[in-house]
Structures are given as structure tokens and as C-alpha cells.
Protein chains: 2
Amino acid sequence: MTDRDKVEAALVVIGNEILSGRTQDRNIAFLGKALGEIGIMLAQVRIVPDRFEDIIAAVNELRRRYAYVFTTGGIGPTHDDITAEAIARAFGVPLHHHPEAMAILEAYYRKGEFNEARQRMARTPLGAVLVENPVSKAPGFRMENVYSFAGIPAVMQAMFKSIRHELGGGARMLSATVPTALAEGDIADRLEAIQKKYPDVEIGSYPYYQKGRYGTNIVLRATNSERLKAAEDEVKKLSSPL
Amino acid sequence: MTDRDKVEAALVVIGNEILSGRTQDRNIAFLGKALGEIGIMLAQVRIVPDRFEDIIAAVNELRRRYAYVFTTGGIGPTHDDITAEAIARAFGVPLHHHPEAMAILEAYYRKGEFNEARQRMARTPLGAVLVENPVSKAPGFRMENVYSFAGIPAVMQAMFKSIRHELGGGARMLSATVPTALAEGDIADRLEAIQKKYPDVEIGSYPYYQKGRYGTNIVLRATNSERLKAAEDEVKKLSSPL
């Protein structure tokens, strides 16, 4: 795998409820998997509170470093939904009521329901492009390489699917898992030797602990299927008697 | 709540398996809750791959900013376990085989089992203090305000419990949740008015979407129980007929 094939992305999860442990995040694993399927590596995640300084710092650092940045959360109608304003500040552009978003929401709500609070959901940084929300209409938006999605997993996933075709991936990452009942410490040396022999295959060792017993799952990842298979075959031999 | 009462911490989750979506993280929510119970706010999380540059950058930035930094993952015996070395580099100190950790592991393993790979688990940055691991012995460690724990949730939680008494918390955060079947957009204005009246109570609005219906959970957090109760009572009135 050459560096030219490597496309990396980052995710900023915005929300006090994830940090306090009240809500178990489900967007990280979804995005990691979904990006992997189109040849993009989720290379960093930051979870930050609903505070302007934290959101702005994370977005500005990551958007310069990664091909794509995604944010989840904070695009609803309440006072703690500050993502649109934070992204506008990060890019140094004004916040406005996006005309297309206003039209979508006006058509969606019954007469009288489209109040000032709901109009907040039409706010985007000036210059942003909308991201379709097939579930509940209120759109996400994209500013350059930064996509802002809702936090509710069903809505977030639908938004990702509406823009997936826009993303340019690298070579697709293939993977294989070899489960073993061996302790990591018993195979570490031989595993390292295999890793050295296959520098183009990423070999991860993931111990587990269940019912009082340890075991290890070996996960191999590579873009070349033949090299992956060759390394997998060598890892499988680790389970055989020495 | 004064700033003097506010103690903030950060977490660095180290592991490609979380980023790829292969493994669903369970340490973030645990730590967020456990810290909240002793008056410490988990204020930022970073998930980084098993790469020196990423781990070092995250640890060095966060340890200067937050009272405590925790890391999870990467302290096992295999080639992809690079946390101890990364923390040593972050602090600019050598990595060594910690004598006390060597003694603990030597006593734990049967003769012949304590091989070179397992001795990797005794490596810490020079000057680190061990963190007890009551589950599987191989210890975590602390360098100044940075605690490094195992990634396996059962082990991570046991390690946290062994050092919890060392952590100096602020005033304990109390919380109350008011579930409503109302849409966020219908209560946003009145909720904002309550937030303005109670600046010392953090009011979060969390929409949910289940079985085709939206609703909103309002979560209130404060250190003063009387103020929390007063704000909660006002939020409860939102569900009453206008």
C-alpha cells in the first residue's frame, strides 16, 4: 500500500451526554466501518463538550490534517445546539438561515409549527452545502471538507448514506480475523516475526477475557488480498502445536 | 459552582480496533460516569491509532490542559502494544523494566512462561508508579498526572478502582432527567428561558427517535441540589398544557 492510496478521516463527536456516560455512543463504530468499506480510514476521533472553544479547536486542527472531517450532534433547535455557529466561527464566515433549508422545513411543518426555534435548524455557515436528511428533514451541511451530521444514530446514518457517493476513497481495506485460545504472551514473538515479514499487512492482537479464560483474536488488514491471505495462513499456524 | 470546584479530565483511547469499528468501546461511558461520581468532569476524549506520533501528541497536549489524563489500551505483550514506550517518549524519559512489575509477573507465571514478550508488560517510563491490576496482574502505571490502563473493560475498570482514592474531585455533579413526549422545537424557547434563569444548572436537550415518534429527554446537571430541584420543577411544567 502506497501513501497515495491512503485516505484518512476524523470525527468530532459533540455532546456532553457522551462524555458524562449517560449515552453510549454508537456513531463512532458505524462511521469507522462505513468509511473502511469505501477505502477511507477513520484515523482520529475527538469527543468534545457543547463548548465553542472545544469544537472550534478540534475542527480547525483536524480539517487541515485529514481529507475529511465529520461532526455528529448539536444541530437541533435548542439552546445547546451550537454546532452550526461553531463551524461558522471555525471557518471565519457568518452564520445565516440557509434559503434551501428554510424552504425544506417550511414545507415539512404544519402552519404555525415552523417557529423561531425550528428555524435554528436551517442555520448554516455561509457557503455551506446541505446534506439531505431523509428521516426527519432538518438537513446537515458541508463546509469544504467538513460534514456536520445529526447525533441521533438513525438520522446520522441516513445522512452519511446521502453523501457517501461524494467521498473519494483509497484502495479498500480487506480484513481477516484469526481467533485463538492462546494467551498473547505465548505468541507475541512469532507474531512479531510475521509482522516484520509482512510490513504491508497491519496485524493487530486483541486479547479477550471471558469466563475466567484469556484468548486472543488476531486481526489482519491489508489492501492486497494475496498478501493478506499469505499472512493469514502464517498466523493460523500459530495455533498448531509447536 | 465556582471554577475552583471544577476538576476536568481527558481520556486517550489507543486502538485501531475502535477506529475501524471492529470493537465497540465500553471504556468511555464507564469512565465518564465513574469520574462524575467523584466530582471530576470527563471533558475530552481522543481515540487514536497505535501510532507513536498520534499517542504522543494527544498525551502531551492533554496532560498540560487537564488535571488528569487516562489512557486505555496498548499495554499488553505484543508488537502493537506501544503505550509504555509512547508515554516514555512523551515525557522524554527512558523506558525500563520496572523492578516491582518484574517481581509481580515473575511470581504470577509458571516457570518458563515468563518469556521476553511477557516481560514487555513490565516496561514503564522511568519514574512511573504502578497501578494494581487485581484481575490479571500485569500492572498499569502512572506518570505524573497520566494514568495508563489496560483496554479490556474488566481489567480497565479494576485498575480504575485501584487508583480512584488518589483522585481529587470537585463538588459532585448531581443530575435529574425529565422525559417528555414533546418535540424539541416545541419547547426550545421556554427551555432557553429556563437555562438563562439558571446559569449554574447545565440543561441539555436530547431528542430521541423511536418507533416513528420523536421525544425529548431534558437532562439537568448541577452541584447545588436546591437549584437543581428548582430548575427541574420548571422543566416539568413544560409538559403541562400551555
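Two strands count as paired here if DSSP finds at least two bridges between them. By that rule, 3 strands of chain A make an open sheet in the order 9-11-10, with antiparallel pairing. This is a predicted model, and its two chains also share a second, 12-stranded open sheet of mixed pairing. Here's a quick tour, starting with that small sheet and ending with a pair of packed helices.

**The three-stranded sheet of chain A**

- Strand 9 (174–180) and strand 10 of chain A sit at the edges with a single partner strand each, so one side of each has no neighbour in the sheet.
- From one strand to the next, the twist averages 20°.
- Strand 9 of chain A pairs with strand 11 (residues 213–222) of chain A over 7 bridges, in the antiparallel sense.
- Within that pairing, A:Val178 has A:Ile218 in strand 11 as its bridge partner.
- Helix 8 of chain A packs on this sheet, where it touches strand 10 and strand 11 of chain A. The direction of helix 8 makes about 170° with that of strand 10 of chain A.

**The sheet that runs through both chains**

- Reading across, the strand order is 6(A)-7(A)-8(A)-3(A)-1(A)-2(A)-2(B)-1(B)-3(B)-8(B)-7(B)-6(B).
- Strand 6 (129–131) of chain A and strand 6 (129–131) of chain B are the edge strands, each pairing on one side only.
- Here, too, the strand-to-strand twist averages 20°.
- The chains join up where strand 2 of chain A meets strand 2 (residues 40–48) of chain B: the two run antiparallel and are linked by 3 bridges.
- At that join, A:Ile47 stands opposite B:Val45.
- Further out in chain B, strand 7 (residues 140–143) and strand 8 (residues 146–149) pair in the antiparallel sense, again over 3 bridges. B:Phe141 has B:Ser148 in strand 8 as its bridge partner.

**Helices on the shared sheet**

- Helix 2 of chain A lies across strand 1 (7–14), strand 2 and strand 3 (68–72) of chain A, and runs at about 160° to strand 2 of chain A.
- Helix 7 of chain A packs on the sheet as well, touching strand 3, strand 6, strand 7 (140–143) and strand 8 (146–149) of chain A. Its direction makes about 145° with that of strand 8 of chain A.

**How those two helices pack together**

- Helix 2 and helix 7 of chain A pack at an angle of about 20°, and their axes are 10 Å apart. With angles under 35 degrees counting as roughly parallel, that makes helix 2 of chain A roughly parallel to helix 7 of chain A.
- The crossing of helix 2 past helix 7 in chain A is right-handed.
- From helix 2 of chain A come A:Asn27, A:Phe30, A:Leu31 and A:Ala34, while helix 7 of chain A brings A:Pro153, A:Met156, A:Gln157 and A:Phe160.
- By type, the residues of this helix–helix contact split into 6 nonpolar, 2 polar and no charged.

**The contact between the chains**

- Chain A and chain B put in 49 residues each.
- On the chain A side, the elements that supply at least two residues each include helix 1 (16–19), helix 2 (27–37), helix 8 (184–197) and strand 10 (202–210).
- The chain A side comprises 22 nonpolar, 15 polar and 12 charged residues.

**Symmetry**

- A turn of 180° with a shift of 0.0 Å along the axis lays chain A on chain B with an RMSD of 0.0 Å. The two copies are thus related as by a two-fold rotation axis.
- In chain A, the C-alpha nearest the axis belongs to A:Arg46, at 2.2 Å from it.
- Both copies use the same surface: 100% of the contact residues of chain A recur in chain B.

Definitions and conventions: Residues numbered from 1 in each chain as written. Chains lettered and ligands numbered in written order. Predicted model: local features only at pLDDT ≥ 70, side-chain atom pairs only at ≥ 80, totals over all residues. Contact = placed C-beta atoms within 7 Å. Helix = DSSP H or I, 4+ residues; strand = E, 2+ residues; numbered from the N terminus. Nonpolar A, V, L, I, M, F, W, Y, C, P; charged D, E, K, R; others polar. Axes fitted to C-alpha atoms, helices over the stretch in contact; angles between N-to-C directions. Least-squares fit on C-alpha atoms with pLDDT ≥ 70 in both. Parallel < 35°, antiparallel > 145°, perpendicular 65-115°, else oblique. Left-handed = near helix turned anticlockwise from the far one by under 90°.
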